[in-house]
Structures are given as structure tokens and as C-alpha cells.
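Grab a pencil and work through these exercises with the structure open beside you. Try each task before you read its solution.

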Amino acid sequence: MRKIFTLLFATTFALAASAQALPSLLIGADPASLAAGGASVARPAGAFAIDNAAAAMSLADKTFSVSASYGRWAPKSADNLLIGLGAFYKLNDRLALGLSGRMLRDKPYDITSTGGQVAGQFTPGDLVAGLGLSYAVADGFSLGVAARMVSSSIGENMKGTAFGADITAMYASGGFSAALGVCNLGSSISYGGASYAQPMLAKAGAAYSIAGFTASAEVDYLFAGALMAGLGLEYTIADIVSLRGGFHYGDAAKALPTYASLGLGVQFAGVRLDAAFLLASKTLGNSFMISLGYAF
């Protein structure tokens, strides 16, 4: 009975968020990008740059940025805890390094013995750690690569590890930027039985800023046969307060479902606070994320 229960729960957790293993690789920890409908690949580099697009780091206006985030994902259903950390540093005008980490934790469940007694609890979840490198091969054009390790546990004695990489390219001039990327390329993961592929996808996006407004758009194609897209709009007042909103079109069966987003950012003296809130989604409604960071 105990083994059957564990197997059923593990299968549900592994497939629930994206109809495949490692849904954590589709969930970023950056509130600013989340508030813009998930349109992240062409955004200027922030602390979570290697998760959005590593190529952006070497084109950043800032030399250093670091941030930590906290959120609750899909509180109406899975109620996942999401904690993230990101940073990058420009070594010179062309070369930048970055790192990231995030933890996605599901609700704990009771482990029952063959006699039906509760023998303890188990908390499924994923740990993701990454390193990134960005190099500006020409003025306004850069390439980036991010290497990543994922440790995933979905049940007692049901754990696996996978390694992957993202490759991105970005062009930026004036207020315009455009980016392409291929993400989550790498090994499959096995929890002791069948192997599951990472949610590999190709990204393309653009952003344009003028008079305090920034509009961003992105289209993602998952190799599993799903399409996602995001639109975001941001208005920054006096380089201090940023108001954000967006819409994300998704595929509830194979990727992240459709949702709308709202967000707020405040920055002063290098310290920044960002927040995002999701709505208009049965699955992801009331999800939120906040972050606190510093940049110079």
C-alpha cells in the first residue's frame, strides 16, 4: 500500500505543472519578468539574468546585481513554495559572469505503513543551481551560456539528477533589444524507472523603451509540442517606481497555463524591491512573488 501510494503521488507531482518532469525549469524566480507576463528573454539584465537570458549580462548598464526572492506558486492547488537567488558581475566591458539558484517545494504528504499508520511525512521538490557566462562579441551584440544542475525528489527513494544548458543571443541598441534562446538542453531524469526529458524550448522576444515606458513580447515553443507567449508593459516614474502588467498565453496540458499579471517595483540608492501577482487563472491565480536586491 505504501509503495502504491508513493508511486501515484510521485507520478502526479512529476507531471502536474507541465505534463512532464521538472516543471521548476519553466517557473522563474524573477518578479519583474513574471509581472510582465513572463516576457523575459529580451529584458535588460537584472539579478536573475541567467534564468532569463545569460547574454544580457555583458550588455547591462550595471556592474553588479544580486537579489533574493520568495513566492507561493499555484496556492489554490499545489501551493508550492518558491525561493530564488540570482546575481551577476561584469568583469569588464565585454565579459560577465552570473549565478542562480532556486528551490521549489510542494506540500508535504503523509507516508503510511502497510498497516495504514502514518509513519512520517515527505516533501517533494526540486533544487536548481546554475552558472552563466556572457560575452559581447561586438558593440550591442552578445552571446551567453548557462549551465544548470537539477536535483529532484518526488517520493521516498525516488530522486533524480539532471544537467542542462541554455544558449542565448541578444542585440541591443538605444531603447530596443531582441533576443533568441534555446533552453533546457540536456540529460533526461529518472526517478528509478522511466526517464523523462527536460522541458526543452526555444525563445524569441523583443523589448522597446521610450519615455519611461517599456513594452516587451516573447514567444516560446516547447519541443514537447506546446506554445507559450507573453506580453508586458512597464512604466517607470522618476527612475524610482515601476508599474507593471502583462498577459501570458499558455498550454495547461504541456506548459504553464494562461494568466494575467500585475507588478510593482521600487528602487532607491541601489536597493530595489519587486513584487508580482497573478490572476485570471484557475490554476495560478493568487500566485505571488517578491524580491529584495541591490545593484550598482
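## Exercise 1: a strand and its neighbours

β2 and β3 form a hairpin, with four residues between them. Before going on, know that this is a predicted model, where local features need pLDDT of at least 70 and side-chain atom pairs count only at pLDDT 80 or more, while totals for chains, interfaces and linings use all residues. Residues are numbered from 1 along each chain as its sequence is written, and side-chain values use heavy atoms, with hydrogens and water left out.

**Task.** Find which strands pair with β3, and in which sense.

**Solution.**

Step 1. Get the terms straight. Strands (E, at least two residues) and helices (H or I, at least four) are DSSP runs, numbered from the N terminus. Two strands pair if DSSP finds at least two bridges between them.

Step 2. Look at one side. Strand β2 (residues 80-90) pairs with β3 in the antiparallel sense, over ten bridges. One spot to check is lysine 90, whose bridge partner in β3 is alanine 96.

Step 3. Now look at β6 (residues 125-138). β3 pairs with β6 over eleven bridges, also in the antiparallel sense. Here arginine 105 stands opposite glycine 125 in β6.

Step 4. Sort the faces. In a regular strand the side chains alternate between the two faces of the sheet. Strand β3 (residues 95-105) has Ala96, Gly98, Ser100, Arg102 and Leu104 on its covered face. Its uncovered face holds Leu95, Leu97, Leu99, Gly101, Met103 and Arg105.

## Exercise 2: the nonpolar cores

**Task.** Work out which residues have the most contacts inside the largest nonpolar core.

**Solution.**

Step 1. A nonpolar core is a set of buried Ala, Val, Leu, Ile, Met, Phe, Trp, Tyr and Cys residues joined through side-chain atoms within 4.5 Å. Buried means under 20% relative accessible area, exposed means over 50%, and partly exposed is in between (1.4 Å probe, protein chains only).

Step 2. The largest core has 20 residues, and Leu34, Trp73 and Leu222 have the most contacts inside it. The elements giving two or more residues to this core are α2 (31-35), β14 (226-237) and β17 (271-279).

Step 3. Apart from this core lies another, of 17 residues, including Ile50, Ala54, Ala60 and Phe88.

Step 4. Zoom in on tryptophan 73. Leaving out residues up to four places away in sequence, tryptophan 73 touches Ile27, Leu34, Ala78, Asp79, Asn80, Leu256, Leu278, Leu284 and Ser287. Contact here means heavy atoms within 4.5 Å.

## Exercise 3: following the charges

**Task.** Find which side chains meet arginine 148 in salt bridges.

**Solution.**

Step 1. A salt bridge is a side-chain nitrogen of Lys or Arg within 4 Å of a carboxyl oxygen of Asp or Glu. The whole structure has nine of them.

Step 2. Aspartate 51 meets arginine 148 at 3.9 Å, N to O. Aspartate 51 is in helix α3 (residues 49-52) and arginine 148 in strand β7 (residues 141-155), so the pair ties together parts 97 residues apart in sequence.

Step 3. Aspartate 166 also forms a salt bridge with arginine 148, with the closest N and O atoms 2.7 Å apart. Aspartate 166 belongs to strand β8 (residues 158-173) and arginine 148 to β7, so this pair ties together parts 18 residues apart in sequence.

Step 4. Check the burial. Aspartate 51 is buried at 14% relative accessible area, arginine 148 is buried at 7%, and aspartate 166 is buried at 5%.

Step 5. Try one more pair. Glutamate 234 and arginine 244 form a salt bridge, their closest N and O atoms being 3.0 Å apart. Glutamate 234 sits in β14 and arginine 244 in β15 (residues 241-249), ten residues apart. Glutamate 234 is buried at 12%, and arginine 244 is buried at 6%. Salt bridges with shared partners join Arg43, Glu234, Arg244, Arg272 and Asp274 into one network.
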